[in-house]
Amino acid sequence: MNELLEQTVELRKGRKALPPIFWISTTWFAMGLPFVALSGASSIMYKNLGVSDAQIAFWTSLIMLPWTIKPLWGPFLELYKTKKFFVYTTQILTGLLFGLLGLTLQLDHFFSFSIALLTLIAFSGSTHDTAADGVYLNELNAKQQAKYVGWQGAFYNVAKVFSGGVLVYLAGQLEQEIGIKSAWMVVMFAYGFIMLGIGLYSIRALPAHDEAPKSTSLKEGMDTLRDVIITFFQKKNIWFSLLFIVFYRFAEGQAIKITPLFFKAQRTEGGLGLSTSEIGLLYGVFGAIAFVLGSIVAGHFVSKKGLDRRTLMILCAFFNVPFVAYAFLAITLPTNLYLIAAAVAIEYFGYGFGFIGIILFIMQNIAPGKYKMAHYAFGSGLVNLGFMIPSMISGWLSDHLGYKEFFIWVLISTIPAFLVSWWVPLRKPEKEHTDENN
């Protein structure tokens, strides 16, 4: 038995590591899938099940809270096991939870039970994201991070489009054959099988160079958390950085939550009256192509230009200006599906291009220092807060303003993003290795 174990260890030591793209692709797909299922696909599901826009916007935004508070347990991931362990474990757990979620849709009080399970998925998914970011930051140097950030965003966006496009289209087709609840049960099972498969693959694919755990002491964990918080707020220009990461997504948090509800709402209510399958087609085909192209092009753009003031303003413009496409749809209420698809493609290309701006900003301006993974988690958690808060009030705003006025308000809401992008101090590249504590 001991000989067999020794041989296994030797095989693992001699195993050639896979190129980064092999684990970045699946890991960031697994990062995006549950996030988008909670923030997007679930909204369409509840809309079809008769839940009001205000309830949908509030609850499907509130359950995103774990992505904001994940820094509170991030430091403990530095102490126990390895980051690779937490990545594949949470992928498998998320898959099982999606399976349970599908079963709850058949219950009388499905809304309460499903929201509870979505909350558990959020905790699992946010833990996964923290560990995955840690693997990325530890395994790749700054040049590689810039090189692969486009692919990172691309596969995250593929998951977003797959969730809001392919699986929503499938749900729409199944709704006509087996009913709404059964259709979405099948879709939740699909989420579960995909996450389970990725989890099993990650056991082999993720790099095994992760550092050994330092300690499992609760006291040391609390001491580390305290030190993480203190050093985070001691970073140079941290308050300017926090304003940037909160307000960069202020308009998006409102628009993205209401857009599928606007697409689904009847024309008499100011919506476009699209079917579930048509919404899935828009996101799964037109949105998918535009999203991936935008992410890849942005990756090449920032790898050549670096993150300076001009680059950041360009990324901000790509991220926010395309929301004018949804205002156009809300004002004109077109019936031509290709025209609607063009608007979706414009917005998705801009989203894929511009979102890289905030990812790279956190990597290069927030994460560097003693606790790269934990500080990146703080930054990305606050990015989610910038998405979650406006999302929570978006349903109330759209109910009171109407869809047309709401999307005009979204355009006004892009102004803070431009202001913070112009004002925020940027870390100088030459300080990357010499200024680790700031």
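Is arginine 249 buried, partly exposed or exposed, and what is its relative accessible area? Select arginine 249 to begin: this residue is buried, with a relative accessible area of 4%, where buried means under 20% relative accessible area, exposed over 50% and partly exposed in between, for a 1.4 Å probe and protein chains only.

Before going on, note that this is a predicted model, in which local features need pLDDT of at least 70 and side-chain atom pairs count only at pLDDT 80 or more, while totals for chains, interfaces and linings use all residues. Residues are numbered from 1 along each chain as its sequence is written, and side-chain values use heavy atoms, with hydrogens and water left out.

**Salt bridges**

Keep arginine 249 selected and add glutamate 252, since the side chains of these two meet in a salt bridge of 2.6 Å, N to O; the term stands for a side-chain nitrogen of Lys or Arg within 4 Å of a carboxyl oxygen of Asp or Glu. Glutamate 252 is buried too, with a relative accessible area of 0%. Next, select lysine 47 and aspartate 53, which form a salt bridge with their closest N and O atoms 2.7 Å apart. Aspartate 53 is buried, at a relative accessible area of 9%. The count by this rule is 2 salt bridges.

**Cavities**

The count of cavities of 30 Å³ or more is 5; a cavity is a set of points, on a 1 Å grid over the protein atoms alone, where a 1.4 Å probe fits but cannot get out, and lining residues have an atom within 4 Å of a point. A volume is the space filled by probe spheres set on the points, which are joined across faces, edges and corners.

For the largest cavity, with about 290 Å³ of space, select Met31, Lys70, Tyr156, Phe355 and Ser380, the closest to its centre among the 19 residues that line it. Helices H2 (20-48), H7 (110-139), H8 (142-178), H16 (337-366) and H17 (372-401) each supply at least two residues of this lining, helices being DSSP runs of H or I with at least four residues, numbered from the N terminus. The lining divides into 11 nonpolar, 4 polar and 4 charged residues, with Ala, Val, Leu, Ile, Met, Phe, Trp, Tyr, Cys and Pro counted as nonpolar, Asp, Glu, Lys and Arg as charged, and the others, Gly among them, as polar.

For the second largest cavity, of about 160 Å³, select Gly40, Lys160, Ile256, Tyr283 and Tyr348, which lie nearest its centre among 13 lining residues. H2, H8 and helix H12 (250-264) give two or more residues to this lining, and the largest share, 5 residues, comes from H2.

**Two loop residues**

Go to asparagine 237, in the loop between helix H10 (218-233) and helix H11 (238-247), where phi is near 60°, a positive value in a residue other than glycine. Asparagine 237 counts as partly exposed at 31% relative accessibility. Then select leucine 333, in the loop between helix H15 (324-332) and H16, whose phi is near 45°, again positive in a residue other than glycine. Leucine 333 is partly exposed, with a relative accessible area of 24%.

How values were computed. On a 1 Å grid over the protein atoms alone, a cavity is a set of points where a 1.4 Å probe fits but cannot get out, and a pocket is an open set with protein on both sides within 12 Å along at least five of seven lines; lining residues have an atom within 4 Å of a point.
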